[in-house]
Amino acid sequence: MTETDWGKVWVKAEHVEKVFRSKKKGDTVALDDVNLEIYDGEFVCLLGPSGCGKTTLLRMIGGLDVPTGGTIQIDGKIVDRPSPKMTMVFQEYSLFPWRTIEENVGFGLEMMGMDKEQRKAEVKKRLDLVGLTNFADSYPYELSGGMRQRAAVARALASDPAVMLMDEPFGALDAQTRNRMQNQLLEIWHATKKTILFVTHSVDEAVYLSDRVVVLSPRPGRINSIYTIDLPRPRDRSSAEFARLRKEILSEIERLQEATGNLL
């Protein structure tokens, strides 16, 4: 990992470009000259108008896609494929319906060849962390949406990754459940010290969760601004400073939307 004044760099994007090529529609430049460093143990949120390339950038960092230009590094090594140092959590729960929660959380460890007893012990630790110990033998259909997403987080944590990539993981939840999940995620983050890169469409969610908020411009996506959120945790959504930051970021995104006609 590279050392900076901020600490160790886990994720580094340098002059990243992504072009989607199509003979029928022509080339679409999704991202252009994106430069970003994410530090060890940091919680960073990506915001921006729809189509600005937030998920595309996340997928390339996760090794699920490759840049057309520039480079992405994890722990100083070029990303060209998925790495055990990273794991992804999507909006869809992606749990196997025929497996219990315990079996779902342990799936990656099973694929790695970990023996049954050790796997069971590791899975229990993750289920304890997300508050699902009593539901180890349940199936996904027996759980609420929030509980299924907690199971997805537990599965992501099972392989002990250094970096967690989260693509709108709470987007399908109702407002009350979403707030609870945000608090539980922060508790997990404090307990595990993981580096988290989190894509969201919610300015409120970004200000509540993150150390820094990165705002991307409309397509082609470029980093338009970066906000450092210095508010102490737990954060008070009703405080004047929280409201000021939320309004400032929202106003910027609205200006970006107006410039292109995009929706958040």
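**Helices 5 and 4 and the aromatic contacts**

Helix 5 comprises 14 residues, numbered 145-158, and reaches 20 Å from its first C-alpha to its last, close to the 20 Å expected at 1.5 Å a residue. The model discussed here is predicted.

The environment of helix 5 merits attention next. Twelve of its 14 residues are buried, so that helix 5 is mostly covered. Among the buried residues are G145, G146, M147, Q149 and R150, together with the alanines A151, A152, A154, A156 and A158. The elements that cover these buried residues include two strands, strand 7 (86-89) and strand 8 (163-167). They also include helix 2 (101-105), helix 3 (107-111), helix 4 (116-130) and helix 6 (175-192). Just after helix 5, D160 takes a positive phi of about 55°.

Helix 4, one of the elements covering helix 5, has 15 residues and reaches 21 Å between its first and last C-alpha, close to the 21 Å expected at 1.5 Å a residue. Its buried residues are R119, E122, V123, R126, L127 and V130. Viewed down the axis of helix 4, these buried residues fall within an arc of 140°, and therefore they line one face of the helix. The underlying periodicity is general: an α-helix has 3.6 residues a turn, so residues three or four places apart point the same way. The buried residues of helix 4 pack against helix 2, helix 3, helix 5 and helix 6.

Both ends of helix 4 show local features. At its start, a side-chain oxygen of D115 reaches to within 3.2 Å of the backbone nitrogen of E117. Just after the helix, G131 takes a positive phi of about 75°.

The aromatic side chains form a further set of contacts. The count comes to six aromatic pairs. One of them joins F43 and F198 in a tilted arrangement, with 5.9 Å from centre to centre and 40° between the planes. This pair links distant parts of the chain, since F43 belongs to strand 4 (residues 43-47) and F198 to strand 9 (residues 195-199), 155 residues apart. F43 and F198 are both buried. Together with F170 and W189, F43 and F198 form one aromatic cluster.

Aromatic rings also meet charged groups in this model. R155 places its charged end over the ring of F96, 6.0 Å from the ring centre. R237 lies over the face of Y208, at 3.8 Å from the centre of that ring.

Methods:
Residues are numbered from 1 along each chain as its sequence is written. This is a predicted model: local features need pLDDT of at least 70, side-chain atom pairs count only at pLDDT 80 or more; totals for chains, interfaces and linings use all residues. Side-chain values use heavy atoms; hydrogens and water are left out. Rings of Phe, Tyr and Trp (its six-membered ring) pair if their centres lie within 6.5 Å; planes under 30 degrees apart count as stacked, over 60 as edge-to-face and the rest as tilted. Helices (H or I, at least four residues) and strands (E, at least two) are DSSP runs, numbered from the N terminus. Buried means under 20% relative accessible area, exposed over 50%, partly exposed in between (1.4 Å probe, protein chains only). A charge sits over a ring if NZ of Lys or CZ of Arg is within 6 Å of the ring centre and within 35 degrees of the ring normal. The expected span of a helix is 1.5 Å times one less than its number of residues. Contact means heavy atoms within 4.5 Å. The arc is that of the directions from the helix axis to the C-beta atoms. A polar contact is a pair of N or O atoms within 3.5 Å; within protein, one must be able to donate a hydrogen and the other to accept it, and residues adjacent in sequence count only if both atoms are side-chain atoms.
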